[in-house]
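Me: I have a structure open in front of me and would like to learn how to read it step by step. Could you take me through it?

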Amino acid sequence: MEISQSIIKQVTSYGLCPKKFKAYEIDRIYENEISINLFRGVYFEYRLLGNLPKNGKVPVYPVGKKGKHEIAKSRIDYHVERFPRIMEENGITVLGGVQNIAWKYSQSITVTLTLDSLLYYKGKVYVGDIKLTPNIHGTFGPFAWGNYEGMDKLQAHLYAYVMSQVLGEEVGFIYMVFDYKPKIQEYGIFEETLTQSKKNEMFDRLIEAERKLRWMNAIGFRPRAYEDTCKTCRIPDCPARLDRKPTPEAEAFVKPEGKTVSVSVDELLNIMNT
């Protein structure tokens, strides 16, 4: 069984729908739509390191109706121009670009990694991850760099640990974060230290991910509806999705104030037992 950090996050987070997971991650029938923010990050990484996206195509920045690029492009290109100087000023050397790594964790689990880059920094090897964000001081959302301690850093812990095992020496991890907000564009280097407690949490999530994957297979990847999960799902005519019509797996109940909402059977049972 192959597991990536992305899959671990998906199956150990709230809102997991087995049917959607199978269609998107196992059968690869559908792909998540690429948002403009995601495209900006792909374009930026290509310009900095030459890394191509998964489709293997060079990202070409789209032009608007008036034949011009959006203003964000000039702010992103500003970082591209100054990137060599930033690396020199911080004593960072790029050792290699994108790499795919497979590491056997156990008899049943192989961990797969896709590295942005390997760097030489502070006298040792680091995994470097390039991030582009609207505002490096933002405190809302999954990539709220202004609230670094509250972020999910499974990627950093898993990559540092696996590469240390692969190379046979201690490997560090840094996020290199660049923003494209108006007026002043900034960057920051966030070094993540791998402590024993972080390793333990990482192993716990690996084990939990394996358990969830086996559970989904055992139930035949039956759909499990959640509002946010359904909103971004492209599977047609799924009987469980909440944004279309009630089904046996999504019953309606009325709150005291008279508003009708859809909930899953499990959620309804939890409400009745509280």
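Reply: We will go from the whole chain to a helix pair and then to salt bridges. This is a predicted model, in which local features need pLDDT of at least 70 and side-chain atom pairs count only at pLDDT 80 or more, while totals for chains, interfaces and linings use all residues. Residues are numbered from 1 along each chain as its sequence is written, and side-chain values use heavy atoms, with hydrogens and water left out.

Me: How many helices and strands does the chain have?

Reply: Helices (H or I, at least four residues) and strands (E, at least two) are DSSP runs, numbered from the N terminus. Here the chain has eight helices and ten strands.

Me: What share of the residues is buried?

Reply: A residue is called buried under 20% relative accessible area, exposed over 50%, and partly exposed in between, using a 1.4 Å probe and protein chains only. Of the 274 residues in this chain, 43% are buried, whereas Valine 58, with a relative accessible area of 46%, is partly exposed. Valine 58 lies in the loop between α3 (36–49) and α4 (71–89).

Me: At what angle do α5 and α6 pack?

Reply: Axes are lines fitted to C-alpha atoms, for helices over the stretch in contact, and angles run from 0 to 180 degrees between N-to-C directions. Helix α5 (residues 154–167) and helix α6 (residues 196–218) pack at about 100°, with axes 10 Å apart. Angles under 35 degrees count as roughly parallel, over 145 as roughly antiparallel, 65 to 115 as roughly perpendicular and the rest as oblique, and α5 and α6 are therefore roughly perpendicular to each other.

Me: Which charged side chains pair with arginine 205 and with lysine 198?

Reply: Side chains of opposite charge can pair when their charged atoms come close. A salt bridge is a side-chain nitrogen of Lys or Arg within 4 Å of a carboxyl oxygen of Asp or Glu, and by this rule the count comes to 16. Arginine 205 forms one with aspartate 152, their closest N and O atoms being 3.0 Å apart. This pair links distant parts of the chain, since arginine 205 is in helix α6 and aspartate 152 is in the loop between β6 (124–133) and α5, 53 residues apart. Arginine 205 is buried at 15% relative accessibility, while aspartate 152 is partly exposed at 36%. Lysine 198 meets glutamate 192 in another salt bridge (2.7 Å, N to O); glutamate 192 is buried at 8% relative accessibility, and lysine 198 is partly exposed at 23%.
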